[in-house]
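The following questions and answers introduce the structure to a new reader. Please consult the sequence and the model while reading.

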Amino acid sequence: MALSKTILIVEDEPSIAELQRDYLEMSGYQTVLADNGEKGLQLGMTGKFDLIVLDVMLPKLSGFEVCKALREVSDVPILMVTARREDIDVIRGLGLGADDYVSKPFKPAELVARVKSHLARYDRLTGRNARTGDMEIGELRINANTRQAFIREEEVALTTKEFDLLYFLAQHPNQVFSKDHLFDRLWGIDAMGDTQTVTVHIRKLREKIEKDASAPAYIETVWGAGYRFRL
């Protein structure tokens, strides 16, 4: 029997937190509650959770602050909850790395459906398959063990750095990385060249894996910020 997933609920309104907990537990998940952002961040940093339901308006630390801090160390799915229209506009940008959002008031069944969807998607992305090392995202399959990438089961010829770039982005879905960050991470701060190298590699990757490189489905440009791998 598969182990049940554990969800962290970060919500300061007891009635809403209990509603979320009850419906998620009725759906077979284990839950842990945190009633402020500071506690939520501390728990989230333990890496013990499969998904985090995170309210935006929290005491001590806001949901945005918690999300940003978690994204520096973890790619766990984060589902944000808000009642304010202006928050939705921020979350939609997903520049903080949130995977999705739910607007208050929400139907409990909608929350459960979103949770199930993102858990399934995360499992597919990370593969959770040590035997094959595969990650499958739409028509794209990446094998970490053999360092190969396939589109519609046809192998795509990638250079070493192209594969490194693709694999790194795919490991951190919906997170935005600046060109400086990618260059330092993949080429090294002492490497010859500059961030234009990243731009060139992104363009070449898109030409190889996207149906339409001008309207990419996988590697998206976030203007003024960098790039992210879309789910």
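Axes are lines fitted to C-alpha atoms, and for helices the fit covers the stretch in contact. The model discussed here is predicted.

Q: How are helix α6 and helix α7 oriented: roughly parallel, roughly perpendicular or oblique?
A: Helix α6 spans residues 160-171 and helix α7 spans residues 179-186. Their axes lie 11 Å apart and pack at an angle of about 120°. Angles of 65 to 115 degrees count as roughly perpendicular and those over 145 as roughly antiparallel. Because the angle of about 120° falls in neither range, α6 is to α7 oblique.

Q: Which class, nonpolar, polar or charged, has 5 residues in the contact of α6 with α7?
A: From α6, Lys161, Asp164, Leu165, Phe168 and Leu169 take part, and they meet His181, Leu182, Arg185 and Leu186 of α7. By class, 3 of the residues in this contact are charged, 1 is polar and 5 are nonpolar. The class asked for is nonpolar.

Q: How are α7 and α8 oriented to each other?
A: Helix α8 covers residues 196-209, and its axis comes within 8 Å of that of α7. The two axes cross at roughly 90°. The range for this class is 65 to 115 degrees, and therefore the orientation of α7 and α8 is roughly perpendicular.

Q: Which residues in α8 meet α7?
A: The contact of α7 with α8 divides into 3 nonpolar, 2 polar and 1 charged residues. On the α7 side are Lys179, Leu182 and Phe183. The residues they meet in α8 are Thr197, Val198 and Thr199.

Terms used:
Residues are numbered from 1 along each chain as its sequence is written. This is a predicted model: local features need pLDDT of at least 70, side-chain atom pairs count only at pLDDT 80 or more; totals for chains, interfaces and linings use all residues. Side-chain values use heavy atoms; hydrogens and water are left out. Axes are lines fitted to C-alpha atoms, for helices over the stretch in contact, and angles run from 0 to 180 degrees between N-to-C directions. Helices (H or I, at least four residues) and strands (E, at least two) are DSSP runs, numbered from the N terminus. Angles under 35 degrees count as roughly parallel, over 145 as roughly antiparallel, 65 to 115 as roughly perpendicular and the rest as oblique. Contact means heavy atoms within 4.5 Å. Ala, Val, Leu, Ile, Met, Phe, Trp, Tyr, Cys and Pro count as nonpolar, Asp, Glu, Lys and Arg as charged, and the others, Gly among them, as polar.
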